[in-house]
Amino acid sequence: MHCALYQSGTCRSCQWLEMPYPQQIAEKQQQLELLMSDLLVERWLPSVSSAEQAFRNKAKMVVSGSVERPLLGMLHRDGTAVDLCECPLYPQSFSAVFDVLKVFIARAGLTPYNVARKRGELKYLLLTESQKNNQLMLRFVLRSDAKLAQLRAALPWLQQQLPQLVVITANIQPVHMAILEGDTEIFLTEQQALEESFNQVPLYIRPQSFFQTNPLVAASLYATARKWVHKLNISSMWDLFCGVGGFGLHCATPEMKLTGIEISAEAIACATRSAQKIGLQNVQFSALDSTRFASAEGEVPELVLVNPPRRGIGAELCEYLGKMAPDYILYSSCNAQTMAQDIARLKNYRIEQVQLFDMFPHTAHYEVLTLLVHQTR
């Protein structure tokens, strides 16, 4: 992939860009196998690759510059601003949207936040696109609500220019730190969730709910999990760290009892809505801590699916899973190192199969799906 920003030295976020893409995949597979070299893997499945460019469905843009000439992109450590509107990782449709947003910032008088001076209001623009219908969610991250009235007053012009903007919010982040968002989310549109669909499974994205950034690879990941689970012919499962329910909703059948657990109430609202739309009756999603839920629950499902953040599920949850001894554990990880550490703690499980999904081309990061089977099976 050619990137003018990388070639000029302006942005080096894609550390592996100079490496041919097939070599990137081979390198990641080699790294994964090395991390799991002390664990016996019965079957390695072929890696799933990604498109090399235009694969992202979201942009997280630092707003800098002046109100008349805003820059959308990132800041180097020395405070130098970099405009990333032409980043080839974004779909082509984003470029025109960014152009309109720059004009809107001036029209609305949204002064970009100056980190060094601790002055200004607009910190970030967060843009997400649905692959289902190309509709957009836009979040203005503001230092305070001081400019909220101005933002509301100017909004009709923006909606006229970009009718695909169906969800618009203002997030208030008052802390002078590199924190992407605050707790307060103010909806500026009637619609509050972006509709998405993977493999004919309806999903919903609300402002503060986690969602994968590479939809085509994510769809492949979910479809693979569904195929693996259906082969097991189980009747009950937990989906821990379930997010908006992507894994559980793909794997569930009308007869299966599914319990989804996620700390984010925003994500649980999305998962519940999807289950209702599909018509699944035997499903329950709850906003709880996954470790606390597992340790307090008496009933043992046949399968526990875990999709934790980069820190992994940790020693405490591993211990509880070891005691519960479900027949199967399906582990989806964005950090193979912590996943390998967790699996090593699960002494009574064998690794039936592992597959790598390249969710993050041109970087060292990737996603992994691993099926663990209890030794008694």
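This briefing covers two helices, α9 and α10, and the residue C334. The model is predicted: local features need pLDDT of at least 70, side-chain atom pairs count only at pLDDT 80 or more, and totals for chains, interfaces and linings use all residues. Residues are numbered from 1 along each chain as its sequence is written, and side-chain values use heavy atoms, with hydrogens and water left out. Helices (H or I, at least four residues) and strands (E, at least two) are DSSP runs, numbered from the N terminus.

**Helix α9**
- α9 spans residues 314-324, and its L317, C318, L321 and M324 are buried (under 20% relative accessible area, 1.4 Å probe, protein chains only).
- These residues lie on the same side of α9, because they cover an arc of only 125 degrees around the axis; the arc is that of the directions from the helix axis to the C-beta atoms.
- Their cover includes β10 (236-240), α8 (290-296) and β13 (303-306), along with β14 (328-333), α10 (336-345) and β15 (349-357).
- A325 follows α9 and has a positive phi, near 55 degrees.

**Helix α10**
- Buried residues here are A336, T338, M339, A340, D342 and I343.
- They pack against α2 (21-35), α9, β14, β15 and β16 (367-374).
- N335 caps the N-terminal end of α10, with a side-chain oxygen 3.1 Å from the backbone nitrogen of Q337.

**C334**
- UniProt lists C334 under "active site" in an unreviewed entry; such annotations may be inferred rather than shown by experiment.
- C334 sits in the loop between β14 and α10.
- C334 counts as buried because its relative accessibility is 19%.
- Not counting residues up to four places away in sequence, C334 touches P308, P309, R310, Y366 and E367 (contact means heavy atoms within 4.5 Å).

Notes. Buried means under 20% relative accessible area, exposed over 50%, partly exposed in between (1.4 Å probe, protein chains only). A polar contact is a pair of N or O atoms within 3.5 Å; within protein, one must be able to donate a hydrogen and the other to accept it, and residues adjacent in sequence count only if both atoms are side-chain atoms.
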